[in-house]
Amino acid sequence: MGNLVASNRSAEAYHTKMLEEVVDSRFVAQSLVRSYKRSFNGFAAYLTPQEHEKLAGHQEVVSIFPSTTYKLQTTRSWDFIGFPENVTRNPTIESDTIIGVIDSGIWPESQSFTDKGFGPVPKKWKGVCSGGTNFTCNNKIIGARYYNTMSPNDTTARDNVGHGSHTSSIAAGVPVRGASFYGIAEGTARGGAPSARIAVYKVCHNDSCGAVDLLAALDDAVADGVDIITISLGGDPVELKSDVIAIGSLHAAQHGVLVVQSAGNGAAKATVASVAPWIFSVGASSTDRGIITRVALGNGSILTGKSVNSFDFKGKSFPLAYGKDVTFKCDESSAMDCSPDCIVPSLVKGKIVLCRLYDFTNEVYNAGALGIIFNEESFLPDNEVDDDSDVAPIAAIGLKRKDFNVVEGYFNSTKSSEVNILTSESTKNLDAPRVAGFSSKGPSTIIPDILKPDIAAPGMEILAAYSPLASPSEYDSDHRSVNYNVISGTSMSCPHVAGAAAYVKSFRPNWSPSAIKSALMTTARKLDPTKDQYAEFAYGAGQIDPIKAVDAGLVYETSTQDYITFLCNLGYDSATIKNMFKANATCPAKPAMTIKDLNYPSMTSQIKTAKGSKSAVTFSEKFTRTVTNVGAGKSTYKATASVGPGYNISVTPSVLTFAATNEKKTFDVVVSGKIDYGKMLSASLEWSDGVHLVRSPIVVFPDSFFDS
């Protein structure tokens with residue numbers, strides 16, 4: 001705030017100019033909320049912590065202070081990453097792009113999949129509409145297959161789980177105005193490539209997705225002519241020869257099809273399950289739209305927690321039940337945890353139950369209680385957070401440990417404690433973007449010298465299409481039926497990247513899968529490592545920026561032969577590569593390159609240390625890379641490496657001069673220094689021609705990182 005602007009200057013223009021100095025130009029318009037110009041000079045704006053810090057240093061800024069919470073009117077994820085609904089598109093080619101969704105099927109009647117305004121099916125399509133019982137395709141959903149090895153009685157591609165409809169609409173759903181979950185998160189639900197076509201491959205039935213069916217779906221999708229495959233499922237990390245998704249995806253890459261897969265929801269480090277370098281592996285990050293729930297205590301206190309609560313008590317409070325008051329079958333401690341078979345229905349009828357543990361919502365629900373207040377941090381290590389809101393079958397709220405203790409203290413202080421759990425609301429999340437606590441982290445236990453996940457995308461509290469046959473809370477006895485639902489997971493971040501890849505392909509139809517992947521990685525928005533101790537092992541290259549990826553400047557292309565050499569270096573022989581990965585191969589007696597020299601957009605190396613040693617380790621690691629010029633024919637790029645204590649980076653040559661588009665140049669990067677036991681080195685290399693900025697993350701870590 002400050003004095004009024006001189007009358008000959010527009011206050012709004014003046015404030016916009018100030019924001020342009022600290023905010024990316026694409027975000028300025030949505031950053032400025034309001035200009036105050038009648039009584040004082042000031043403005044309200046959405047700012048990241050870094051932008052706040054920069055603006056605070058401006059000589060004309062007197063003070064900056066946070067706004068109070070308010071509701072946002074958008075489903076938000078695409079807008080948050082700088083990809084608005086009115087973004088420039090290439091509709092003819094986008095409409096010719098086919099996204100294959102391998103999941104739990106689709107709800108074809110959803111508004112997100114209407115084919116109004118769509119032309120005929122693309123001529124390149126070679127698939128079929130074999131959706132089975134009660135299933136019809138249209139010009140949006142152009143193909144459907146179902147695979148039921150594990151569930152032979154399920155004879156339709158129709159989605160009765162909700163997951164497949166959700167992921168399909170995130171990737172390619174048409175815009176739907178006024179979508180919400182019972183009024184929560186209301187806005188326009190849309191996919192990243194709304195003009196793209198969808199081909200459905202149903203392999204999941206309830207929570208089961210058979211490996212045989214998965215491989216068959218991948219094989220069919222490639223033969224059908226899809227351009228991009230999104231797979232929001234996985235398991236524990238396994239060797240590539242046992243990973244059916246990795247096996248099928250290399251086959252897809254050979255045929256020009258990019259496969260995008262969720263990193264997994266393992267939360268901890270070294271849990272990332274999508275590890276093959278030819279797969280685009282995606283972690284989950286937050287957006288600036290959060291969903292919160294409040295609980296009002298009878299003493300006037302109001303606490304804020306997490307959940308997606310659609311139940312409205314109309315301002316009425318209900319008795320709070322806890323511990324020995326909910327049971328005569330268990331000891332008090334077990335009852336306070338809401339342990340199985342402890343809660344007696346007659347003791348909780350018409351009440352809201354307090355639970356120390358969060359996993360037993362079903363116990364409270366099945367007992368017939370009105371709601372639950374639980375400690376959302378009950379099982380979390382100190383370095384992890386439970387930061388997403390989930391849908392429950394009853395009124396629910398998860399509280400941080402300290403707030404849970406407040407409710408517990410209130411219960412113990414009065415004989416007639418009452419509470420009211422309010423319906424959820426949308427708020428501004430000033431901490432975004434950050435990686436979700438549940439998102440699987442690296443390093444890869446299978447291939448430590450390849451950085452995984454590759455990238456991050458919105459995956460928290462995403463509103464998208466859903467199957468009305470499925471329970472929104474995933475409790476079978478919750479019979480609510482919704483067309484749109486709020487879900488969190490890397491399953492949601494994965495189709496964001498698939499949609500972004502389809503967008504890039506619509507402008508660069510001749511780019512290879514590795515070129516599209518490289519473009520999205522090297523133009524990604526770098527995330528703040530202070531928000532996640534695992535840094536690049538949590539978010540890879542950063543958060544996707546589809547618009548920048550269209551004009552990447554340089555790309556790191558990886559050929560089938562590169563992947564074959566990589567497999568040889570992993571120890572696979574020629575026969576295994578041919579049989580398992582459907583690729584002709586001849587492994588040399590002595591590998592010409594190491595695993596870390598795969599022509600990948602990131603650079604990673606694990607340093608071997610003496611067994612049992614906890615001493616710092618000195619290292620010098622060399623990476624060789626080749627870039628392809630996809631920008632202007634004549635251009636010169638200069639290298640800039642990050643600088644930090646304990647390491648040094650040299651690049652040879654440090655200048656790359658291109659005479660033509662598609663020309664290739666090779667360079668070496670040497671990273672040297674010292675790393676402490678259990679720590680990681682985060683660095684980066686940037687190539688710039690003054691227009692493009694091509695950034696690659698560099699990570700070096702000792703093998704003790706797995707043990708720390």
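Reader: What should helix α7 span, and how far apart are its end C-alpha atoms?
Author: In this predicted model, α7 covers residues 211–224, and at 1.5 Å a residue its 14 residues should span 20 Å; the end C-alpha atoms are 20 Å apart, which agrees.

Reader: And which residues of α7 are buried?
Author: The buried residues of α7 are Asp213, Leu214, Ala217, Leu218, Ala221, Val222 and Asp224. Seen down the helix axis, these buried residues fall within an arc of 165 degrees, so they line one face of α7. As general background, an α-helix has 3.6 residues a turn, so residues three or four places apart point the same way.

Reader: What covers the buried residues of α7?
Author: The cover includes four strands and a helix, namely β3 (98–103), β4 (141–146), β7 (197–202), β10 (228–231) and α8 (244–254).

Reader: Where does the chain take a positive phi just after α7?
Author: That is at Gly225, where phi is about 100 degrees.

Reader: Switching to the strands: how many bridges join β26 to β30, and do they run parallel or antiparallel?
Author: Strand β26 (residues 617–629) and strand β30 (residues 664–675) run antiparallel and are joined by 12 bridges. Within that pair, Lys622 of β26 stands opposite Val670 in β30.

Reader: What about β28 and β30, how many bridges there?
Author: Strand β28 (residues 647–652) is joined to β30 by 6 bridges, again in an antiparallel arrangement. Val670 returns here, since in β30 the bridge partner of Ser650 is Val670.

Reader: What is the strand order in the open sheet of 5 strands?
Author: The order is β25-β32-β31-β27-β29, and the pairing in this open sheet is mixed. At the edges stand β25 (603–607) and β29 (655–658), each with a single partner strand, so one side of each is left without a neighbour in the sheet. From one strand to the next, the twist averages 15 degrees.

Reader: Which way do β27 and β31 run, parallel or antiparallel?
Author: They run antiparallel, with 4 bridges joining β27 (residues 635–641) to β31 (residues 681–688); in β31, the bridge partner of Lys638 is Ser688.

Reader: Stepping back, how many helices and strands are there in the protein?
Author: The protein has 18 helices and 32 strands, and its C-alpha trace spans about 80 × 75 × 65 Å along the principal axes.

Reader: What radius of gyration does the protein have, against that of a compact globule?
Author: With 708 residues, a compact globule would have a radius of gyration near 27 Å, and the protein has 26 Å, which agrees. Buried residues make up 58% of the 708 residues.

Note on methods. Residues are numbered from 1 along each chain as its sequence is written. This is a predicted model: local features need pLDDT of at least 70, side-chain atom pairs count only at pLDDT 80 or more; totals for chains, interfaces and linings use all residues. Side-chain values use heavy atoms; hydrogens and water are left out. Helices (H or I, at least four residues) and strands (E, at least two) are DSSP runs, numbered from the N terminus. The expected span of a helix is 1.5 Å times one less than its number of residues. Buried means under 20% relative accessible area, exposed over 50%, partly exposed in between (1.4 Å probe, protein chains only). The arc is that of the directions from the helix axis to the C-beta atoms. Contact means heavy atoms within 4.5 Å. Two strands pair if DSSP finds at least two bridges between them. Axes are lines fitted to C-alpha atoms, for helices over the stretch in contact, and angles run from 0 to 180 degrees between N-to-C directions. The radius of gyration is taken over C-alpha atoms; the globule rule is 2.2 Å times the number of residues to the power 0.38.
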